Amino acid sequence: MTDAATNMRLKLPLICIILEVILIILFGTLVQYNYETDARLWHEHKTNHSDYDNDFYYRYPSFQDVHVMIFIGFGFLMTFLQRYGFSSVGFNFLIAAFALQWATLMQGFFHGMHHGKIHIGVESMINADFCTGSVLISFGAVLGKTSPVQLLVMALFEVTLFAVNEFILLSALGARDAGGSMTIHTFGAYFGLVVARVLYRPNLDKSKHRNSSVYHSDLFAMIGTIYLWMFWPSFNSAITAHGDDQHRTAMNTYYSLAACTLSTYALSALTAHDGKLDMVHIQNAALAGGVAAGTAGEMMLTPFGSMIVGFLAGIISVLGFKYLSPILEEKLKIQDTCGVHNLHGMPGILGAIVGAVTAALATRDVYGDGLEDVFPDVAKGEIEASFQGVRQAISLAVTLGIALLGGLIVGFILKLPIFGAPPDTICFEDSIYWEVSFTPLFIVLVILHMKTTLRYKCGCVGALKMPYKAQYKYQRYSVK
Amino acid sequence: MTDAATNMRLKLPLICIILEVILIILFGTLVQYNYETDARLWHEHKTNHSDYDNDFYYRYPSFQDVHVMIFIGFGFLMTFLQRYGFSSVGFNFLIAAFALQWATLMQGFFHGMHHGKIHIGVESMINADFCTGSVLISFGAVLGKTSPVQLLVMALFEVTLFAVNEFILLSALGARDAGGSMTIHTFGAYFGLVVARVLYRPNLDKSKHRNSSVYHSDLFAMIGTIYLWMFWPSFNSAITAHGDDQHRTAMNTYYSLAACTLSTYALSALTAHDGKLDMVHIQNAALAGGVAAGTAGEMMLTPFGSMIVGFLAGIISVLGFKYLSPILEEKLKIQDTCGVHNLHGMPGILGAIVGAVTAALATRDVYGDGLEDVFPDVAKGEIEASFQGVRQAISLAVTLGIALLGGLIVGFILKLPIFGAPPDTICFEDSIYWEVSFTPLFIVLVILHMKTTLRYKCGCVGALKMPYKAQYKYQRYSVK
Amino acid sequence: MTDAATNMRLKLPLICIILEVILIILFGTLVQYNYETDARLWHEHKTNHSDYDNDFYYRYPSFQDVHVMIFIGFGFLMTFLQRYGFSSVGFNFLIAAFALQWATLMQGFFHGMHHGKIHIGVESMINADFCTGSVLISFGAVLGKTSPVQLLVMALFEVTLFAVNEFILLSALGARDAGGSMTIHTFGAYFGLVVARVLYRPNLDKSKHRNSSVYHSDLFAMIGTIYLWMFWPSFNSAITAHGDDQHRTAMNTYYSLAACTLSTYALSALTAHDGKLDMVHIQNAALAGGVAAGTAGEMMLTPFGSMIVGFLAGIISVLGFKYLSPILEEKLKIQDTCGVHNLHGMPGILGAIVGAVTAALATRDVYGDGLEDVFPDVAKGEIEASFQGVRQAISLAVTLGIALLGGLIVGFILKLPIFGAPPDTICFEDSIYWEVSFTPLFIVLVILHMKTTLRYKCGCVGALKMPYKAQYKYQRYSVK
């Protein structure tokens, strides 16, 4: 793999423009305003409703919270790498902007066709953002080792498979998964892990010194963490039924996350060799409570149940980072950059199981007429609650199956050499794909550092291999 | 005090797990969904209301704004310290996650017991976040000088006392304090200041070089400042009565903050020795307008009145930072790291006084039937408006009394040597409690810096005392 | 121009206090609560409405999103400069806090006088923030080259002219411009560009080394970018009619931005000399889709149309940065620091044209009874849709005229030497107006850097010219 292969001059523009032109054409032929966004349709029904009844007012604040999670939350969470902040935020931005458009089409195709047209509004926007979230989880597994072109190709396929899996779960199997423990987290994590497995790089340790954080990069990452944590109640409740359901889901998630945070801090200090807290755990495991409340959050899980779930999720997640991730890397050859298995994989499965159990235990005594909202088939008497539990369990199995198989195929597609993957020696490095500038002071330091008599064998290729712009500056300031 | 005492390996996990297990048990026995979050209860009343009437839609957006203030606002505001960013955001995160759970119980115990059960929903979530805010204000006073275990213990007691004080003010005395000038700001500030007084460290100047900001840490802190500033209108209006009250409160706060910002910039430039602006003032004093509008914000203060209040609050706050804080430290031995006396203490008292005066001046002529919402006892004719003013003034006195006495007792509890407080020489330093990694380049610089013939007597223990991980890296790169 | 002239000790406090006192007096005499914020008025109409009908619940979430764009979005977007972060966020904060108060009066004077009083509520708050946005766009053009006093003076005049232009467009001409492609973006950009032209500095290259970004400053700027991007749908829809209009506008903007992001990445890689992405493009051009959907967003533009508009806006914007900005600087002597011509100027004009065309094509067939909301005059049969298009086109011309003429006059006012503009040698430098502190390590590096035998001719005056505080520290640590 030569350095030249990573040049994105033609590849990236080409794929971006082709994809966007296709999207525009498909939107032009297939997509229409739904009755709440269409001027004519909304006003035709005007006798029955007021403008204040428009779903915009009951979904849009949740949508914006989800939107922040997708673009700020995921984007900044991944800036923990010392030399990969531009790519973390920037590629997150690019693939999310693509995926949400493509998801509108794919999800619309499976869920919302009306006389051959896809009808869209705020609910489809939330669903598109959800699907995008799944792609960004997979991005976390391959972070630093993939080109933007690879990521767009991955998003193209993953969104499609996401929509298929979601259709099977929610429409065909009749499962409930409002916050996406299965459809979003489990799917995204295992899909990404298999892709990472296929893209295994035996010589990745050549870039190991860059695969870690520095002080300020960890602070940037905390912006992502805190936003994800704060808005997770909005995420899980964004598309549940209106009224008590949305209210309850948000509250359950809030308590699950709070409990998870305490167990994360406890386990982080406990498992460290000297009792110090590890930023990796805080940044990630403290969020596992949101993942694990994704399926059961809308059910009558109670704050008590939510806190138990969150507490366990935090423990599982920290232990995963500490003991399982090294095994995954050494034995299974899965180089999971962000540890998505610990944040989304295992907690997602936990969430699916909690959802299945909670569903199986549902009674009309507890839910009253609210049973209709949460388990419509049970409320209608078509199935027993226990069978709803079975549906949930089958859904988990289906999700794992599609994620693993899909990830395998897409992984091999991404291996094609034309996509401009970075060489092993300069993974986790922004300057391959971005113009990166340095301060004059920084350049002086590099020079001093080269001149010093200390026999320092520096591995940091990225720092020394200044991009053209920086070299130019260095000449400007130092040679004259 | 030995270095070993700060090891959190067992202490932190132990307290986190014990506290969380107690919380889970108490939630299991005491807490229930309220009628707006419970599936059965909500649907029982379904004939009288639509799903869109659920309070979720009228409180949750405000809740999320408050939530951002608590976790991003307070968390990042305190990252101004050059080597304490992890702890600022991270301990803020930990104690807030604990405090909001504990506050649900304590506030529920005093305000919301129904047949022996605490009923919760979005309003209790906002109140829990409010109570948490008070703890975080106290955290600001002791920032950098306390271990996470001390902070959790402080939160445990402070939340309890907060709930007692809040109950006396709002329920027993019938005071109004929607935005918490008294209950949150005055209480949190003076409680924290007394704790800081009891924990006085005569040799803190050994860590003085770390008790200051650097360029980027000040930018991170501005994230906190701006979020607090923007969302303060939501904070003050989050639990007022619906309709005009919430609307008016948000607007009053908006203008109070705007006026405060201009007086802050004016005073900052005026009091500096060379006319330069001081980031400390901008980051803190510009927020005093929100604090000072906390009590009177829901009243008919008018934008005109709000602007006068904000204008004065900014002036008081900057003058406090400039002239009062050094006196507090030298004469009263109160080492107030973040200057909470200037941001929350004095502006809180100002807000309480403004509230008392505004209440005393209330007339049915001005409030119309809206008097019922703001001063129900006056509206019912039970008391005169002037007596409502007296109630407000008494409330301020009670708040100060409980805060000072409570802070004194809790301060002495925190002095127990088992809690792992940092030694005087390494206060304001993340690497005591956190794994901190450095870039290879940074380590080279440290070496150069040690080797240089300049007779530089470095005070920066923290930078040289590399944690294990960094030392390891240094060996990896330099020794071979 | 001597260094002393930049001393803000008296000038800044004086202007801040005078302006704020005038504002307070004018608010006291002219401003009243509107019927939704006034306790008496709201409760008088209480038989006709519920508290939940208060416009607070249907505008305030949008307001807060806009508020974040103004203070975090614009503020952090401009932190890309390596040594101008304090000023970017801090002056943005100051002039926005002033402008929103002044805008309340100016816009109220033109739009909302009722018996000699200005009635205010959440809608006027949004409009004030919008007007503020326009001032901040102009700020982007002169960033780094103006003192805070100059900026306040500019804001004073620009807000006034904005209100005049807005009145002519929306009230006199009957144009539609909900998201402000014309009133906010085109006006703010061309006003700022002319000001920058008048303030042309032939020797600005003396500060050129500071007029660029460093790694972390670009990450801070991405916070601004992403927030602007995410909340732009709220911006464009914040003051449209309730119901389908607000819903549709948000969705159109969402798709316009997504398409714009892909074309931005494509063009950025395509136009770079080595296929690398340029942060300047990503930070700015990706937002052009929001600007370009500002006028037509509320119309039946369709997602398809929105995506085409966004796609074109991204292309125009990147090409502007690459090819037009150097020409503007060299030939027209317009030193546009942030490239507002590319982000707000050209996309604003594009948005105005798209709005005119979309308006001209409006039919009752497409809009149904919703035509009343979007084009009331067309709905009433007073004018043809094609004439509405003409109105829109005239509005663009008027906006350009007022912006260019206004900018010219204000530019010459700002040239008065009393306002403390920075000298050419220390533009783009925080330490003129702010206390800036450095770490001890940083200072050692500067010393090493001065001692090194490398013949390095450093242009970085700002770094070597340590402020008093830093010098003091350096002495403290090194001399003993």
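1. Chain A drops onto chain C with a 120° rotation and 0.0 Å of shift along the axis, at an RMSD of 0.0 Å (least squares on the C-alpha atoms of residues with pLDDT of at least 70 in both copies). The two copies are thus related as by a three-fold rotation axis. In chain A, the C-alpha nearest that axis belongs to A:Pro61, 3.9 Å away.

2. A caveat: this is a predicted model, where local features need pLDDT of at least 70, side-chain atom pairs count only at pLDDT 80 or more, and totals for chains, interfaces and linings use all residues. Residues are numbered from 1 along each chain as written, chains are lettered from A in the order written, and side-chain values use heavy atoms, without hydrogens or water.

3. On the interfaces, just 9% of chain A's interface residues are also interface residues in chain C, so the copies meet through different surfaces (contact means heavy atoms within 4.5 Å).

4. Aromatic pairs come to 87 over all chains, counting Phe, Tyr and Trp (six-membered ring) with ring centres within 6.5 Å; planes under 30 degrees apart are stacked, over 60 edge-to-face, the rest tilted. B:Tyr215 and C:Phe86 are stacked, because their centres are 4.7 Å apart and their planes at 20°. C:Phe86 counts as buried at 1% relative accessibility, and so does B:Tyr215 at 10% (buried is under 20% relative accessible area, exposed over 50%, partly exposed in between; 1.4 Å probe, protein chains only).

5. Tyr215 turns up again in other chains: A:Arg83 lies over the face of C:Tyr215, 5.2 Å from the ring centre, and B:Arg83 has its charged end over the ring of A:Tyr215, also 5.2 Å from the centre. The rule is Lys NZ or Arg CZ within 6 Å of the ring centre and within 35 degrees of the ring normal.
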